[in-house]
Amino acid sequence: MKNQDLDRWLAWTAAILAAMLWAASGATAQPYPAKSIRVIAGFPPGSGADITARVIGARLSEALGQQVVVENRPGAGSNIAAEIAAKSTADGYTLFIGTVANTINATLYAKLPFDFARDFAPVALTTAAPNVLVVHPSVPAKSVKDLIALAKSRPGQLNYASAGTGTAPHLSGELFNAMAGVRMVHIPYKGSPPAVTDLLAGEVALMFSPSSTVLPHVKTGRLRALAVTTAARLQSLPELPTVAESGLKGYETITWFGFVAPARTPPAVITRLNAEIVKVLALPEVRNLFASQGIETLGGTPDRFASYIRDEIAKWAEAIRLSGAKAE
């Protein structure tokens with residue numbers, strides 16, 4: 001090859017390489033997000049986690065200019081979904097709706113294929129819903145004291161439903177058993193909706209359920225509410241007493257929800273997502289929509305959410321120790 005031809009070939013090759021490098025740098029420099037975002041929920045459609053993901057996800061999609069797709073992967077108290085999310089690529093395109101169940105599971109299960117505190121990066125604490133103690137109308141109990149007396153007269157005969165082993169409704173029942181000195185039998189379901197369906201049919205006697213899934217049935221009289229599990233009464237049901245003021249002093253549980261991402265997700269992505277989610281939570285229509293279902297909107301920074309998760313893990317670890325609850 002002549003020197004002149006060699007020079008032309010080298011120049012052509014250099015031009016091609018430069019174009020390839022420019023194209024690659026342009027692709028990697030695309031601002032986040034450049035494609036749709038997947039949000040994994042560990043509970044079925046209609047659950048508190050699903051409602052939170054879809055309400056916030058719809059507004060987040062508008063703010064980010066990309067579709068936010070909710071994927072329901074129920075089972076094992078949300079451990080199946082959590083494992084999938086934890087092992088996903090940490091690029092901001094897979095998020096997970098963390099719940100109080102995940103901080104309970106950290107102690108309830110002897111061994112998990114992930115560590116919720118270590119393998120996830122907190123994004124934003126979004127919502128919280130009190131649990132409501134409800135019974136089927138056929139249950140002859142009009143108050144918490146009545147229920148305790150009934151359970152003591154029928155040890156092991158009253159069944160209570162939950163959204164799954166390790167969920168807040170499950171442990172709420174275990175705490176109730178321990179603090180009231182009764183023995184009610186736990187019946188786990190794959191999420192709140194199927195549990196409520198069987199409760200409405202009288203297949204189970206009672207449930208400690210997130211308010212969002214049972215308030216409509218309480219208002220129509222298909223279920224009877226005995227108390228709320230929070231420290232204070234609900235604004236939506238001010239006449240309903242708390243479990244604590246009904247005889248079990250110190251009793252309190254709550255169901256919360258929040259967005260987390262796989263650990264090592266870029267900090268800039270976490271910051272962007274947090275800012276947009278907090279803006280969504282501040283929208284009046286979003287706050288009103290959640291409030292109508294007895295759900296409180298929260299917010300805050302990723303660091304505050306991380307601290308909250310650590311505190312919740314410690315709190316539920318102690319509660320599990322006191323109740324003697326174990327994963328089934």
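This is a short tutorial dialogue on reading a few features of a predicted model.

Colleague: Before we start, what should I keep in mind about this model?

Modeller: The model is predicted, so local features need pLDDT of at least 70 and side-chain atom pairs count only at pLDDT 80 or more, while totals for chains, interfaces and linings use all residues. Residues are numbered from 1 along each chain as its sequence is written, and side-chain values use heavy atoms, with hydrogens and water left out.

Colleague: Let's try a helix. How many residues does α2 have, and what span is expected?

Modeller: Helices here are DSSP runs of H or I with at least four residues, strands are runs of E with at least two, and both are numbered from the N terminus. The expected span of a helix is 1.5 Å times one less than its number of residues. Helix α2 covers residues 48–64, which makes 17 residues. From first C-alpha to last, α2 reaches 23 Å, close to the expected 24 Å.

Colleague: Where is the kink in α2 centred?

Modeller: On G57, with a kink of about 25 degrees. The bend at a residue is the angle between axes fitted to the seven residues ending there and the seven starting there. Right after α2 comes G65, with a positive phi near 75 degrees.

Colleague: Why is α2 said to be largely enclosed by the rest of the structure?

Modeller: Because 12 of its 17 residues are buried. Buried means under 20% relative accessible area, exposed means over 50%, and partly exposed is in between (1.4 Å probe, protein chains only). Among the buried residues of α2 are I51, V55, I56 and L60.

Colleague: Now the aromatic rings. What describes a pair of them?

Modeller: The distance of the centres and the angle of the planes. Rings of Phe, Tyr and Trp (its six-membered ring) pair if their centres lie within 6.5 Å; planes under 30 degrees apart are stacked, over 60 edge-to-face, and the rest tilted. The whole structure has nine aromatic pairs. One of them is F176 with F208, a tilted pair at 5.5 Å centre to centre and 55 degrees between the planes. F176 sits in helix α7 and F208 in strand β7, so this pair ties together parts 32 residues apart in sequence. F176 is buried at 0% relative accessible area, and F208 also counts as buried at 0%.

Colleague: What kind of pair do F176 and Y251 form?

Modeller: Their ring centres are 6.4 Å apart and the planes are at 80 degrees, so this pair is edge-to-face. Y251 is in the loop between β8 and β9, 75 residues from F176.

Colleague: Which residues touch the most other members of the largest nonpolar core?

Modeller: A nonpolar core is a set of buried Ala, Val, Leu, Ile, Met, Phe, Trp, Tyr and Cys residues joined through side-chain atoms within 4.5 Å. Of the 50 residues in the largest one, F96, F120, F176, M184 and L206 touch the most other members. Helix α12 gives the most to this core, with six residues. A second, separate core of 35 residues includes I56 and F259.

Colleague: Is P113 buried or partly exposed?

Modeller: P113 counts as partly exposed, at 47% relative accessibility. You'll find P113 in the loop between α4 and α5. Leaving aside neighbours within four places in sequence, P113 is in contact (heavy atoms within 4.5 Å) with E83 and K87.
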